[in-house]
Amino acid sequence: MFAVVVATMFWMGCGPSTTKADDDDDGVIDAPGGPDALAGDASALDGPDVDAATDAPTDAHEDDAAICADLTCTTPVNDNCGAVEVCNNGTDDNCNELVDEGCLCQQGAVQQCFRGRPGRRNIGSCVDGMQTCTGSGEFTEWGPCVGGIAPGAEACDSQDNNCNGCVDDDPSCCVVELACPGPGDLPDGAPFQNYIIDGTRFFGGMVQSWAWDVTGGPCDQLFATTTSPVTQSFTLTGAATSMLTLRPTLSGDYTVHVRIVAVGGMVYECTFIVHIAGPGLRVELCSDRSADTDIDLHVHRAANTNNWFTGADCYFSNCAASGTISWGYANSPVAECSGGPQGTVWQALGYCRNPRLDIDSIHDNGVPENINLDNPSDGQSFRAMVHYWGGSGVAHPMVNVYCGGFLRGSYGAAPDVVPNFDTPSSSNGDIWRVVDVTVQVAAGVTTGCALAPLHPPNMTTGYWVNNVRTY
Ligand SMILES: [Ca+2]
Ligand SMILES: [Ca+2]
Ligand SMILES: [Ca+2]
Ligand SMILES: [Ca+2]
């Protein structure tokens with residue numbers, strides 16, 4: 001299945017009106033004030049818009065430099081800075097550039113957050129990032145707010161970059177030739193499905209070069225420093241062409257950036273978020289080690305405390321496409337898993353089992369393991385575990401939990417790496433019990449989850465690592 005993205009063109013705003021500057025109406029947006037290189041175009045330079053009916057909207061300011069200089073935001077949003085920080089709302093209420101500082105949180109919890117003035121949150125091109133609670137016990141705090149789109153300098157791109165409520169409110173934006181996508185313009189994608197972005201939807205002029213880059217989530221950021229050459233969980237095809245194909249294997253937010261150099265050298269840039277979402281519960285494992293280490297992800301059945309490595313445990317031996325696990329959940333349509341690494345096996349079966357493991361990553365740093373349960377029931381609680389099967393040396397697993405398509409918890413990430421996870425064995429290797437995830441489901445759709453990070457018995461801090469196979 002292919003998700004083909006169509007970016008919506010936005011020509012609106014309370015600031016200036018904008019123009020596509022297709023002054024010769026040849027169907028192609030012209031380079032700014034420069035020569036139109038299209039064959040058959042009689043005009044050497046773009047003149048005034050003589051056929052407003054075919055341009056949407058008309059560029060009322062184009063010929064009036066005095067008016068252009070007055071392109072300001074007449075009704076900017078209020079910043080709403082307050083005197084005190086309100087805890088755990090993901091907002092920098094007191095405008096000191098720290099979000100929820102001094103607030104207690106639950107280790108590993110992930111919340112959406114905004115790196116800007118409170119009043120600008122969810123305005124214009126601004127999109128929340130995320131922050132992870134670090135520390136342990138009574139000494140927790142929210143880590144830095146990363147990702148998302150924060151207020152920036154206003155650019156002439158059909159977006160409200162400074163999130164003041166006005167699009168392209170800058171004197172230089174008389175003629176706007178770039179239509180970057182903003183929040184809500186692009187559909188969500190899904191893991192293991194191609195996500196195609198057509199840059200000609202953003203810029204219609206003559207282009208000299210395209211350069212796309214993508215920043216992924218926590219596992220990709222880990223791989224950026226632990227793999228050489230750098231391996232990422234997603235692939236990009238056509239990164240030097242007008243059409244990018246992003247193929248993600250993980251859920252989460254991807255920050256997409258494109259740099260367009262037009263003929264004549266003018267540079268145009270868009271940065272936006274693509275959200276990749278899988279249904280239900282998804283647990284992913286990545287690690288800073290490979291070479292010879294083999295670390296496996298396990299997810300335990302709800303309402304059952306049988307030992308690990310039994311039928312109550314979804315893991316490599318029973319939960320991949322060739323497995324026989326049976327927890328009573330309905331199968332999912334084959335499209336949910338046919339794009340994955342075991343896609344041909346699932347296609348032969350004709351369905352995707354629930355739960356399922358996408359791949360048994362053995363010695364492959366840069367290849368995460370995912371366990372999916374598309375259709376849990378409301379209130380069910382599942383336990384995530386990581387087992388050190390084989391290899392040698394200390395390893396640092398990271399586990400991320402997605403519920404209803406959003407990252408809700410991240411465990412083992414620096415600086416809270418897992419200690420003492422260093423004993424490999426297929427029979428009594430180290431076991432890290434990570435977290436109990438209680439899902440919230442409404443009308444069959446997973447909407448969230450409550451997370452209870454696990455500690456050694458009778459303790460309120462620390463990671464629970466031992467080599468006993470009890471629940
Ligand atoms: Ca603050
Ligand atoms: Ca706050
Ligand atoms: Ca603005
Ligand atoms: Ca803008």
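Here a trainee and a mentor talk through a predicted model of one protein chain.

Trainee: Before we start, what are the ground rules for this model?
Mentor: Residues are numbered from 1 along each chain as its sequence is written, and chains are lettered from A and ligands numbered from 1 in the order in which they are written. As the model is predicted, totals for chains, interfaces and linings use all residues, while side-chain atom pairs count only at pLDDT 80 or more and local features need pLDDT of at least 70.

Trainee: Happy with that! How many helices and strands does the protein chain have?
Mentor: Both are DSSP runs numbered from the N terminus, with helices being H or I of at least four residues and strands being E of at least two. On that basis the secondary structure comes to four helices and 23 strands.

Trainee: What percentage of the 471 residues is buried?
Mentor: Buried means that 20 or more other C-beta atoms lie within 10 Å of a residue's own; exposed means 12 or fewer, partly exposed is in between, and C-beta atoms are placed from the backbone. For the protein chain, the buried share is 47%.

Trainee: Which residues touch the most other members of the largest nonpolar core?
Mentor: Such a core is a set of buried Ala, Val, Leu, Ile, Met, Phe, Trp, Tyr and Cys residues joined through C-beta atoms within 7 Å. This one has 59 residues, and those touching the most other members are A384, V399, V401 and V437. The largest share of this core, seven residues, is supplied by strand 21 (residues 431-442).

Trainee: V399 caught my eye; which residue of strand 20 stands opposite V399?
Mentor: Strands count as paired if DSSP finds at least two bridges between them. Strand 19 (residues 397-403) and strand 20 pair in the antiparallel sense over five bridges, and they form a hairpin with two residues between them, where G404 in the turn has a positive phi of about 60°. Opposite V399 in strand 20 stands Y411.

Trainee: Why is strand 20 described as largely enclosed by the rest of the structure?
Mentor: Strand 20 spans residues 406-411, six in total. It is largely enclosed because the number of its residues that are buried is five.

Trainee: In the open sheet ordered 6-9-10, which are the edge strands?
Mentor: Three strands form that sheet, with antiparallel pairing. Eight bridges join strand 6 to strand 9 (residues 252-262), and W210 has I260 as its bridge partner in strand 9. Those pairing on one side only are strand 6 (207-215) and strand 10 (267-276).
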